[in-house]
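These are my notes from a session with one model. I wanted to go through the confidence, the helix packing, the strands and a few backbone oddities.

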Amino acid sequence: MQEDKERKTPPLFKKSVSLTLVLAMACGISMTLSAAAPVYRKGDLNGDGRVEIGDVMEACKLLARKSAGQGLDIALAWACDMNGDGQVRIDDVMEMCKWIARAEGPGPVYPPSEWETAGWALMELVESRFTAADGTIRGNRNQDQPAFLWPYGVYVSVLSEACGARPQDQAVKERYTRALGVIERYNTGRPSPGCSYAAAYGGVGDVYYDDNIWIVIEYLKACDLLDNPLYLEKAKAVMEYVYSGWDNLLGGGIYWCENQKTLKGTCSNAPVAYASAGLYARTGDARYLRRAEKIYDWTKRTLLDESAGLYNNHMTVDGELGRAKYAYNDGCMLLAALSLYRETGREAYLQDAQRLGQAACGYYFTQREGVYVLSAAAGADPWFAAWLSSGFMALAAYDPEAIAYVEHMESAAREGIKARDEQGFVYSGWRPGAGDTGELLHQCGTARLLLELANWRRANG
(Lines give C-alpha, C1' and ligand atoms only; values in the text may rest on other atoms or scores of the structure.)
Protein backbone atom coordinates (compact mmCIF):
# COMPACT_ATOMS: atom_id res chain seq x y z
CA MET A 1 0.00 0.00 0.00
CA GLN A 2 1.26 3.45 -0.83
CA GLU A 3 0.10 5.36 2.23
CA ASP A 4 2.23 5.40 5.42
CA LYS A 5 4.54 2.68 4.14
CA GLU A 6 8.16 3.64 4.68
CA ARG A 7 9.54 0.56 2.93
CA LYS A 8 8.63 -1.24 0.65
CA THR A 9 0.30 -13.68 -14.77
CA PRO A 10 2.24 -16.11 -15.70
CA PRO A 11 0.05 -15.16 -18.53
CA LEU A 12 -1.54 -18.08 -20.33
CA PHE A 13 -1.14 -18.33 -24.10
CA LYS A 14 -4.45 -16.92 -25.30
CA LYS A 15 -6.08 -16.58 -28.69
CA SER A 16 -3.99 -14.27 -30.82
CA VAL A 17 -5.45 -10.96 -32.03
CA SER A 18 -4.12 -9.53 -35.28
CA LEU A 19 -2.61 -6.09 -34.81
CA THR A 20 -1.07 -3.68 -37.26
CA LEU A 21 1.18 -1.67 -34.95
CA VAL A 22 4.68 -1.45 -36.41
CA LEU A 23 7.21 -1.47 -33.57
CA ALA A 24 10.27 0.75 -33.69
CA MET A 25 13.45 -0.93 -32.47
CA ALA A 26 15.23 0.95 -29.70
CA CYS A 27 13.08 4.00 -28.96
CA GLY A 28 16.11 6.12 -28.21
CA ILE A 29 17.68 3.72 -25.74
CA SER A 30 21.45 4.20 -25.84
CA MET A 31 22.42 1.58 -23.27
CA THR A 32 24.26 -1.48 -24.50
CA LEU A 33 23.15 -5.03 -23.89
CA SER A 34 25.49 -7.45 -22.20
CA ALA A 35 24.02 -10.50 -23.90
CA ALA A 36 23.11 -11.22 -27.50
CA ALA A 37 19.46 -10.88 -28.45
CA PRO A 38 17.64 -14.19 -28.62
CA VAL A 39 16.58 -15.86 -31.83
CA TYR A 40 13.01 -17.13 -31.85
CA ARG A 41 12.08 -19.63 -34.55
CA LYS A 42 8.89 -21.51 -35.23
CA GLY A 43 9.25 -25.18 -34.40
CA ASP A 44 12.60 -24.83 -32.60
CA LEU A 45 11.51 -25.28 -28.98
CA ASN A 46 14.88 -26.31 -27.57
CA GLY A 47 16.86 -23.51 -29.18
CA ASP A 48 19.40 -25.62 -31.04
CA GLY A 49 18.60 -24.14 -34.46
CA ARG A 50 16.88 -27.25 -35.83
CA VAL A 51 13.38 -28.72 -35.95
CA GLU A 52 13.69 -32.35 -34.88
CA ILE A 53 12.14 -35.03 -32.73
CA GLY A 54 13.32 -33.33 -29.52
CA ASP A 55 11.20 -30.32 -30.38
CA VAL A 56 8.19 -32.56 -30.96
CA MET A 57 8.69 -34.02 -27.49
CA GLU A 58 8.83 -30.52 -26.02
CA ALA A 59 5.61 -29.65 -27.85
CA CYS A 60 3.94 -32.71 -26.37
CA LYS A 61 4.96 -31.54 -22.90
CA LEU A 62 3.33 -28.18 -23.60
CA LEU A 63 0.14 -29.94 -24.64
CA ALA A 64 0.19 -31.94 -21.43
CA ARG A 65 0.62 -28.77 -19.38
CA LYS A 66 -2.24 -27.11 -21.24
CA SER A 67 -4.51 -30.14 -20.66
CA ALA A 68 -3.66 -29.98 -16.95
CA GLY A 69 -4.73 -26.34 -16.86
CA GLN A 70 -1.23 -25.05 -16.18
CA GLY A 71 0.22 -21.82 -17.51
CA LEU A 72 2.30 -21.92 -20.67
CA ASP A 73 5.60 -20.18 -21.20
CA ILE A 74 4.87 -17.47 -23.78
CA ALA A 75 8.05 -17.87 -25.82
CA LEU A 76 7.74 -21.65 -26.08
CA ALA A 77 4.04 -21.43 -26.85
CA TRP A 78 4.76 -18.95 -29.66
CA ALA A 79 7.40 -21.29 -31.13
CA CYS A 80 4.99 -24.22 -30.91
CA ASP A 81 2.15 -22.39 -32.66
CA MET A 82 3.04 -23.66 -36.13
CA ASN A 83 -0.16 -22.66 -37.91
CA GLY A 84 -0.39 -19.20 -36.38
CA ASP A 85 -3.87 -19.53 -34.88
CA GLY A 86 -2.79 -18.45 -31.40
CA GLN A 87 -3.35 -21.89 -29.88
CA VAL A 88 -1.14 -24.81 -28.87
CA ARG A 89 -2.86 -27.92 -30.21
CA ILE A 90 -2.14 -31.34 -31.67
CA ASP A 91 -2.32 -29.76 -35.15
CA ASP A 92 0.87 -27.89 -34.35
CA VAL A 93 2.67 -31.08 -33.37
CA MET A 94 1.56 -32.69 -36.63
CA GLU A 95 2.85 -29.68 -38.56
CA MET A 96 6.23 -30.01 -36.84
CA CYS A 97 6.35 -33.65 -37.87
CA LYS A 98 5.68 -32.61 -41.47
CA TRP A 99 8.55 -30.15 -41.30
CA ILE A 100 10.85 -32.90 -40.11
CA ALA A 101 9.66 -35.24 -42.87
CA ARG A 102 10.31 -32.52 -45.46
CA ALA A 103 13.67 -31.74 -43.84
CA GLU A 104 12.72 -28.09 -43.57
CA GLY A 105 14.73 -25.75 -41.39
CA PRO A 106 13.52 -23.56 -38.54
CA GLY A 107 11.07 -20.79 -39.14
CA PRO A 108 11.68 -17.07 -39.55
CA VAL A 109 13.97 -15.14 -37.23
CA TYR A 110 12.39 -12.27 -35.30
CA PRO A 111 14.53 -9.43 -33.91
CA PRO A 112 13.91 -8.20 -30.37
CA SER A 113 11.12 -5.65 -30.12
CA GLU A 114 11.53 -2.14 -28.80
CA TRP A 115 10.16 -3.37 -25.47
CA GLU A 116 12.62 -6.21 -25.14
CA THR A 117 15.52 -3.97 -26.15
CA ALA A 118 14.60 -1.26 -23.63
CA GLY A 119 13.57 -3.64 -20.85
CA TRP A 120 16.66 -5.79 -21.15
CA ALA A 121 18.98 -2.79 -21.20
CA LEU A 122 17.34 -1.31 -18.10
CA MET A 123 17.52 -4.65 -16.30
CA GLU A 124 21.24 -4.94 -17.00
CA LEU A 125 21.78 -1.36 -15.83
CA VAL A 126 19.99 -2.19 -12.58
CA GLU A 127 22.19 -5.26 -12.12
CA SER A 128 25.34 -3.20 -12.56
CA ARG A 129 24.39 -0.28 -10.29
CA PHE A 130 22.15 -1.79 -7.59
CA THR A 131 24.32 -4.80 -6.72
CA ALA A 132 26.42 -4.20 -3.61
CA ALA A 133 29.97 -5.51 -3.13
CA ASP A 134 28.65 -8.48 -1.15
CA GLY A 135 26.20 -9.36 -3.93
CA THR A 136 23.04 -8.14 -2.22
CA ILE A 137 20.57 -5.99 -4.14
CA ARG A 138 20.21 -2.50 -2.70
CA GLY A 139 16.92 -0.69 -2.42
CA ASN A 140 18.53 2.56 -3.54
CA ARG A 141 21.61 2.71 -5.72
CA ASN A 142 22.95 5.62 -3.67
CA GLN A 143 22.70 3.75 -0.35
CA ASP A 144 24.22 0.58 1.07
CA GLN A 145 21.19 -1.05 2.69
CA PRO A 146 19.75 -4.23 1.17
CA ALA A 147 16.37 -3.78 -0.45
CA PHE A 148 13.22 -4.29 1.56
CA LEU A 149 11.11 -7.29 0.56
CA TRP A 150 8.65 -5.30 -1.56
CA PRO A 151 11.17 -3.83 -4.03
CA TYR A 152 13.23 -7.01 -3.94
CA GLY A 153 10.17 -8.97 -5.05
CA VAL A 154 9.78 -6.54 -7.95
CA TYR A 155 13.42 -7.22 -8.89
CA VAL A 156 12.60 -10.94 -8.97
CA SER A 157 9.60 -10.21 -11.19
CA VAL A 158 11.88 -8.56 -13.77
CA LEU A 159 14.00 -11.70 -13.93
CA SER A 160 10.88 -13.84 -14.32
CA GLU A 161 9.85 -11.80 -17.36
CA ALA A 162 13.42 -12.02 -18.71
CA CYS A 163 13.38 -15.77 -18.22
CA GLY A 164 10.09 -15.97 -20.10
CA ALA A 165 11.52 -13.89 -22.94
CA ARG A 166 14.69 -15.98 -23.26
CA PRO A 167 13.78 -19.48 -22.07
CA GLN A 168 16.89 -21.06 -23.57
CA ASP A 169 19.30 -18.60 -21.95
CA GLN A 170 20.84 -20.64 -19.17
CA ALA A 171 22.62 -17.67 -17.63
CA VAL A 172 19.32 -15.82 -17.20
CA LYS A 173 17.70 -18.91 -15.71
CA GLU A 174 20.54 -19.27 -13.20
CA ARG A 175 20.33 -15.60 -12.25
CA TYR A 176 16.58 -15.97 -11.78
CA THR A 177 17.00 -19.09 -9.63
CA ARG A 178 19.58 -17.37 -7.42
CA ALA A 179 17.31 -14.36 -6.96
CA LEU A 180 14.45 -16.62 -5.91
CA GLY A 181 16.71 -18.24 -3.33
CA VAL A 182 17.56 -14.88 -1.74
CA ILE A 183 13.91 -14.44 -0.76
CA GLU A 184 14.65 -16.81 2.12
CA ARG A 185 16.89 -14.12 3.63
CA TYR A 186 13.63 -12.37 4.57
CA ASN A 187 12.10 -15.43 6.23
CA THR A 188 10.80 -14.74 9.74
CA GLY A 189 11.71 -18.26 10.82
CA ARG A 190 8.34 -18.74 12.48
CA PRO A 191 6.93 -22.26 12.12
CA SER A 192 3.32 -21.18 11.65
CA PRO A 193 0.97 -20.17 10.26
CA GLY A 194 2.53 -21.30 7.04
CA CYS A 195 5.68 -19.46 5.95
CA SER A 196 6.08 -15.70 6.32
CA TYR A 197 8.58 -13.08 5.18
CA ALA A 198 9.40 -9.84 6.98
CA ALA A 199 9.80 -6.47 5.34
CA ALA A 200 13.51 -6.17 6.13
CA TYR A 201 16.46 -8.26 4.96
CA GLY A 202 17.31 -10.71 7.72
CA GLY A 203 13.69 -11.53 8.51
CA VAL A 204 13.16 -8.72 11.00
CA GLY A 205 10.71 -5.88 11.36
CA ASP A 206 7.06 -5.63 10.39
CA VAL A 207 5.39 -8.36 8.37
CA TYR A 208 3.01 -7.21 5.65
CA TYR A 209 0.35 -9.44 4.16
CA ASP A 210 0.61 -7.70 0.80
CA ASP A 211 4.41 -8.15 0.70
CA ASN A 212 3.86 -11.85 1.18
CA ILE A 213 1.20 -12.19 -1.50
CA TRP A 214 3.54 -10.65 -4.09
CA ILE A 215 5.97 -13.44 -3.19
CA VAL A 216 3.25 -16.07 -3.63
CA ILE A 217 2.64 -14.75 -7.15
CA GLU A 218 6.37 -14.87 -7.93
CA TYR A 219 6.57 -18.47 -6.70
CA LEU A 220 3.66 -19.43 -8.94
CA LYS A 221 5.43 -17.92 -11.94
CA ALA A 222 8.66 -19.71 -10.98
CA CYS A 223 6.82 -23.02 -10.79
CA ASP A 224 5.75 -22.60 -14.41
CA LEU A 225 8.90 -21.03 -15.83
CA LEU A 226 11.31 -23.45 -14.17
CA ASP A 227 8.95 -26.43 -14.24
CA ASN A 228 9.75 -27.01 -10.58
CA PRO A 229 6.99 -28.09 -8.16
CA LEU A 230 9.11 -26.90 -5.22
CA TYR A 231 7.93 -23.37 -5.91
CA LEU A 232 4.29 -24.46 -5.90
CA GLU A 233 4.83 -25.87 -2.42
CA LYS A 234 6.45 -22.62 -1.34
CA ALA A 235 3.53 -20.64 -2.74
CA LYS A 236 1.06 -22.80 -0.83
CA ALA A 237 2.99 -22.36 2.42
CA VAL A 238 3.16 -18.57 2.15
CA MET A 239 -0.49 -18.43 1.16
CA GLU A 240 -1.43 -20.14 4.42
CA TYR A 241 0.22 -17.24 6.22
CA VAL A 242 -1.59 -14.67 4.07
CA TYR A 243 -4.96 -16.31 4.75
CA SER A 244 -4.31 -15.90 8.50
CA GLY A 245 -4.74 -12.15 7.97
CA TRP A 246 -8.50 -12.60 7.45
CA ASP A 247 -11.04 -12.04 10.20
CA ASN A 248 -14.70 -11.09 10.35
CA LEU A 249 -14.24 -7.45 11.37
CA LEU A 250 -15.76 -5.27 8.60
CA GLY A 251 -17.48 -8.42 7.35
CA GLY A 252 -14.18 -10.05 6.36
CA GLY A 253 -11.09 -9.02 4.46
CA ILE A 254 -7.35 -9.43 4.95
CA TYR A 255 -5.41 -6.85 6.90
CA TRP A 256 -2.57 -4.85 5.35
CA CYS A 257 -0.01 -5.38 8.12
CA GLU A 258 0.23 -8.08 10.78
CA ASN A 259 1.64 -5.70 13.39
CA GLN A 260 -0.68 -2.80 12.56
CA LYS A 261 -4.19 -4.19 12.23
CA THR A 262 -5.74 -0.81 11.53
CA LEU A 263 -7.04 -1.24 7.99
CA LYS A 264 -7.85 -3.68 5.20
CA GLY A 265 -6.89 -2.66 1.69
CA THR A 266 -7.47 -3.58 -1.91
CA CYS A 267 -3.72 -4.28 -2.15
CA SER A 268 -3.92 -7.00 0.49
CA ASN A 269 -7.06 -8.63 -0.93
CA ALA A 270 -7.21 -8.30 -4.72
CA PRO A 271 -3.88 -10.07 -5.37
CA VAL A 272 -4.85 -12.77 -2.87
CA ALA A 273 -8.00 -13.50 -4.87
CA TYR A 274 -5.91 -13.59 -8.05
CA ALA A 275 -3.24 -15.89 -6.58
CA SER A 276 -5.86 -18.14 -4.99
CA ALA A 277 -7.44 -18.71 -8.40
CA GLY A 278 -3.95 -19.47 -9.69
CA LEU A 279 -3.41 -22.05 -6.99
CA TYR A 280 -6.73 -23.65 -7.83
CA ALA A 281 -5.75 -23.83 -11.51
CA ARG A 282 -2.50 -25.59 -10.63
CA THR A 283 -3.74 -27.92 -7.87
CA GLY A 284 -7.44 -28.52 -8.51
CA ASP A 285 -8.01 -27.97 -4.78
CA ALA A 286 -11.46 -26.39 -4.48
CA ARG A 287 -10.53 -24.69 -1.22
CA TYR A 288 -8.47 -22.20 -3.19
CA LEU A 289 -11.34 -21.41 -5.52
CA ARG A 290 -13.69 -20.83 -2.59
CA ARG A 291 -11.13 -18.51 -1.02
CA ALA A 292 -10.67 -16.63 -4.28
CA GLU A 293 -14.41 -16.06 -4.67
CA LYS A 294 -14.89 -15.08 -1.04
CA ILE A 295 -12.04 -12.55 -1.02
CA TYR A 296 -13.01 -11.12 -4.41
CA ASP A 297 -16.62 -10.70 -3.28
CA TRP A 298 -15.58 -8.94 -0.06
CA THR A 299 -13.27 -6.55 -1.91
CA LYS A 300 -15.90 -5.67 -4.49
CA ARG A 301 -18.64 -5.24 -1.90
CA THR A 302 -16.51 -3.16 0.47
CA LEU A 303 -14.06 -1.18 -1.64
CA LEU A 304 -15.57 -0.63 -5.09
CA ASP A 305 -16.35 3.02 -5.79
CA GLU A 306 -19.35 2.45 -8.03
CA SER A 307 -19.55 6.07 -9.15
CA ALA A 308 -15.99 5.96 -10.54
CA GLY A 309 -15.97 2.28 -11.48
CA LEU A 310 -12.61 1.96 -9.67
CA TYR A 311 -11.45 0.62 -6.32
CA ASN A 312 -10.88 2.64 -3.18
CA ASN A 313 -7.58 2.04 -1.46
CA HIS A 314 -8.72 0.75 1.94
CA MET A 315 -11.15 0.80 4.81
CA THR A 316 -10.02 1.38 8.38
CA VAL A 317 -11.28 -0.79 11.22
CA ASP A 318 -13.40 2.22 12.23
CA GLY A 319 -15.21 2.02 8.90
CA GLU A 320 -13.57 5.04 7.27
CA LEU A 321 -12.89 4.71 3.55
CA GLY A 322 -9.53 5.63 2.08
CA ARG A 323 -10.77 6.82 -1.29
CA ALA A 324 -7.44 7.19 -3.12
CA LYS A 325 -7.21 5.27 -6.41
CA TYR A 326 -4.06 3.38 -7.39
CA ALA A 327 -3.40 1.64 -10.68
CA TYR A 328 -2.09 -1.54 -9.08
CA ASN A 329 -5.26 -2.04 -7.06
CA ASP A 330 -7.40 -1.89 -10.18
CA GLY A 331 -4.91 -4.00 -12.15
CA CYS A 332 -5.01 -6.73 -9.52
CA MET A 333 -8.81 -6.72 -9.42
CA LEU A 334 -8.81 -7.04 -13.21
CA LEU A 335 -6.56 -10.09 -12.96
CA ALA A 336 -8.64 -11.58 -10.15
CA ALA A 337 -11.90 -11.16 -12.07
CA LEU A 338 -10.45 -12.69 -15.24
CA SER A 339 -8.87 -15.59 -13.35
CA LEU A 340 -12.20 -16.36 -11.73
CA TYR A 341 -13.96 -16.11 -15.07
CA ARG A 342 -11.46 -18.54 -16.56
CA GLU A 343 -11.92 -21.02 -13.72
CA THR A 344 -15.71 -20.77 -13.29
CA GLY A 345 -17.05 -19.56 -16.65
CA ARG A 346 -19.32 -17.07 -14.88
CA GLU A 347 -20.03 -14.13 -17.15
CA ALA A 348 -20.40 -11.76 -14.19
CA TYR A 349 -16.65 -11.87 -13.60
CA LEU A 350 -15.89 -11.00 -17.21
CA GLN A 351 -18.40 -8.16 -17.09
CA ASP A 352 -16.75 -6.85 -13.92
CA ALA A 353 -13.40 -6.91 -15.70
CA GLN A 354 -14.73 -5.14 -18.78
CA ARG A 355 -16.29 -2.34 -16.76
CA LEU A 356 -13.18 -1.95 -14.64
CA GLY A 357 -10.85 -1.97 -17.64
CA GLN A 358 -12.81 0.77 -19.38
CA ALA A 359 -12.94 2.93 -16.24
CA ALA A 360 -9.23 2.44 -15.52
CA CYS A 361 -8.20 3.36 -19.06
CA GLY A 362 -10.17 6.59 -18.84
CA TYR A 363 -8.78 7.46 -15.41
CA TYR A 364 -5.10 6.59 -15.64
CA PHE A 365 -4.29 7.96 -19.12
CA THR A 366 -4.47 11.36 -20.71
CA GLN A 367 -3.42 12.77 -24.07
CA ARG A 368 -0.50 15.13 -24.41
CA GLU A 369 0.84 16.40 -27.72
CA GLY A 370 -1.01 13.70 -29.62
CA VAL A 371 0.12 10.69 -27.57
CA TYR A 372 -1.23 8.90 -24.52
CA VAL A 373 0.69 9.33 -21.27
CA LEU A 374 0.00 8.42 -17.68
CA SER A 375 -2.33 10.91 -16.05
CA ALA A 376 -1.58 12.71 -12.80
CA ALA A 377 -3.95 10.23 -11.17
CA ALA A 378 -1.58 7.38 -12.04
CA GLY A 379 1.01 8.77 -9.65
CA ALA A 380 4.76 8.33 -9.93
CA ASP A 381 5.26 4.62 -9.47
CA PRO A 382 5.86 2.51 -12.61
CA TRP A 383 5.27 -0.67 -10.61
CA PHE A 384 1.67 0.42 -10.10
CA ALA A 385 1.35 0.89 -13.86
CA ALA A 386 2.89 -2.54 -14.43
CA TRP A 387 0.03 -4.27 -12.63
CA LEU A 388 -2.52 -2.28 -14.59
CA SER A 389 -0.69 -3.24 -17.79
CA SER A 390 -0.87 -6.91 -16.77
CA GLY A 391 -4.61 -6.56 -16.24
CA PHE A 392 -5.12 -4.91 -19.63
CA MET A 393 -3.14 -7.64 -21.40
CA ALA A 394 -5.16 -10.34 -19.67
CA LEU A 395 -8.43 -8.61 -20.58
CA ALA A 396 -7.41 -8.30 -24.24
CA ALA A 397 -7.58 -12.10 -24.51
CA TYR A 398 -11.35 -11.88 -23.96
CA ASP A 399 -12.32 -8.38 -25.10
CA PRO A 400 -10.90 -6.81 -28.30
CA GLU A 401 -11.67 -3.36 -26.87
CA ALA A 402 -8.89 -3.89 -24.36
CA ILE A 403 -6.27 -3.96 -27.13
CA ALA A 404 -6.61 -0.16 -27.19
CA TYR A 405 -5.91 -0.08 -23.44
CA VAL A 406 -2.66 -1.96 -24.00
CA GLU A 407 -1.77 0.42 -26.83
CA HIS A 408 -2.36 3.38 -24.50
CA MET A 409 0.06 1.78 -22.04
CA GLU A 410 2.58 1.24 -24.83
CA SER A 411 2.29 4.89 -25.77
CA ALA A 412 2.86 5.95 -22.16
CA ALA A 413 5.79 3.55 -21.80
CA ARG A 414 7.34 4.83 -25.02
CA GLU A 415 7.28 8.34 -23.58
CA GLY A 416 8.42 7.06 -20.19
CA ILE A 417 11.63 5.47 -21.39
CA LYS A 418 12.62 8.71 -23.06
CA ALA A 419 12.57 10.36 -19.64
CA ARG A 420 15.96 9.23 -18.36
CA ASP A 421 18.79 10.80 -16.41
CA GLU A 422 22.36 11.05 -17.68
CA GLN A 423 23.13 7.52 -16.51
CA GLY A 424 20.19 5.99 -18.36
CA PHE A 425 17.83 5.44 -15.41
CA VAL A 426 14.13 6.15 -15.93
CA TYR A 427 12.38 8.85 -13.93
CA SER A 428 9.67 7.35 -11.75
CA GLY A 429 7.06 9.81 -13.07
CA TRP A 430 7.86 8.88 -16.69
CA ARG A 431 8.47 12.56 -17.49
CA PRO A 432 11.84 14.34 -17.57
CA GLY A 433 12.76 15.35 -14.03
CA ALA A 434 9.53 13.92 -12.54
CA GLY A 435 10.12 11.76 -9.49
CA ASP A 436 13.47 10.09 -8.87
CA THR A 437 15.82 7.61 -10.52
CA GLY A 438 17.48 6.10 -7.46
CA GLU A 439 14.88 3.62 -6.20
CA LEU A 440 15.07 -0.07 -7.15
CA LEU A 441 11.27 -0.26 -7.07
CA HIS A 442 10.81 2.30 -9.84
CA GLN A 443 13.52 1.00 -12.15
CA CYS A 444 12.39 -2.60 -11.80
CA GLY A 445 8.74 -1.62 -12.10
CA THR A 446 9.52 -0.07 -15.47
CA ALA A 447 11.72 -2.97 -16.61
CA ARG A 448 9.07 -5.50 -15.66
CA LEU A 449 6.40 -3.61 -17.59
CA LEU A 450 8.62 -3.37 -20.69
CA LEU A 451 9.56 -7.05 -20.72
CA GLU A 452 5.98 -8.13 -20.12
CA LEU A 453 4.91 -5.98 -23.06
CA ALA A 454 7.61 -7.70 -25.13
CA ASN A 455 6.33 -11.14 -24.17
CA TRP A 456 2.73 -10.18 -24.83
CA ARG A 457 3.54 -8.69 -28.23
CA ARG A 458 5.45 -11.78 -29.22
CA ALA A 459 2.38 -13.88 -28.50
CA ASN A 460 -0.16 -11.49 -30.00
CA GLY A 461 1.49 -10.00 -33.05
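The entries below follow the order in which I looked things up.

**Entry 1: confidence**

I noted before anything else that this is a predicted model. I looked up the chain average, and the mean pLDDT is 87. I also noted that 87% of the residues reach 70 or more. I then looked for a weak stretch and found residues 2–40, where pLDDT stays under 50. For residues 2–40 the model has 123 contacts beyond four places in sequence. I record that number and leave this stretch out of the entries that follow.

**Entry 2: α5 against α15**

I took the pair of helix α5 (residues 149–165) and helix α15 (residues 440–460). Their axes are 8 Å apart, and the packing angle is about 25°. Angles under 35 degrees count as roughly parallel, and α5 and α15 are therefore roughly parallel to each other. I checked the handedness as well: α5 passes α15 in a left-handed crossing.

Next I listed who touches whom. The α5 side includes W150, P151, Y152, V154 and Y155, and further along S157, V158, E161, A162, G164 and A165. They meet residues of α15, namely L440, L441, C444, G445, A447, R448, L451, E452, N455 and R458. I sorted the residues of this contact of α5 with α15 by class and got 13 nonpolar, 4 polar and 4 charged.

**Entry 3: α10 against α11**

Which way do α10 and α11 lie to each other, parallel or oblique? I read the geometry before deciding. Helix α10 (residues 286–303) and helix α11 (residues 327–344) have axes that come within 11 Å and cross at roughly 140°. Only angles over 145 count as roughly antiparallel, and α10 and α11 are therefore oblique to each other. The crossing of α10 past α11 is left-handed.

The α10 residues in this contact are L289, A292, E293, Y296, T299 and K300, and those of α11 are M333, A336, A337, L340, E343 and T344. By class I have 7 nonpolar, 2 polar and 3 charged residues in the contact of α10 with α11.

**Entry 4: α8 against α10**

I stayed with α10 and turned to helix α8 (residues 229–243), which packs with α10 at an angle of about 40°, the axes being 13 Å apart. That makes α8 oblique to α10. The crossing of α8 and α10 is left-handed. The contact list is K236, E240 and Y243 in α8 with Y288, R291 and I295 in α10. The residues of the contact of α8 with α10 divide into 3 nonpolar, no polar and 3 charged.

**Entry 5: the open sheet**

I moved on to the strands. In what order do the 3 strands of the open sheet lie? The order is β1-β4-β5, with antiparallel pairing. The edges are β1 (263–265) and β5 (321–322), each of which pairs on one side only. I looked closer at strand β4 (residues 314–316), which pairs with β5 in the antiparallel sense over 2 bridges. In this pairing M315 stands opposite L321 in β5.

**Entry 6: the β6–β7 hairpin**

Strand β6 (residues 365–368) and strand β7 (residues 371–374) run antiparallel and are joined by 4 bridges. I traced the register from two pairs: T366 stands opposite V373 in β7, and R368 stands opposite V371 in β7. The two strands form a hairpin with 2 residues between them. In the turn, E369 has a positive phi of about 55°.

**Entry 7: backbone oddities**

Where does P193 sit? I placed P193 in the loop between α6 (170–182) and α7 (209–225). The peptide bond from S192 to P193 is cis, and its omega is near -5°.

I also flagged D227, a residue other than glycine with a positive phi, near 50°. D227 lies in the loop between α7 and α8.

Key: Residues are numbered from 1 along each chain as its sequence is written. This is a predicted model: local features need pLDDT of at least 70, side-chain atom pairs count only at pLDDT 80 or more; totals for chains, interfaces and linings use all residues. Side-chain values use heavy atoms; hydrogens and water are left out. Axes are lines fitted to C-alpha atoms, for helices over the stretch in contact, and angles run from 0 to 180 degrees between N-to-C directions. Angles under 35 degrees count as roughly parallel, over 145 as roughly antiparallel, 65 to 115 as roughly perpendicular and the rest as oblique. A crossing is left-handed if the near helix is turned anticlockwise from the far one by less than a right angle, and right-handed if clockwise. Contact means heavy atoms within 4.5 Å. Ala, Val, Leu, Ile, Met, Phe, Trp, Tyr, Cys and Pro count as nonpolar, Asp, Glu, Lys and Arg as charged, and the others, Gly among them, as polar. pLDDT is the predictor's confidence in each residue, from 0 to 100. Two strands pair if DSSP finds at least two bridges between them.
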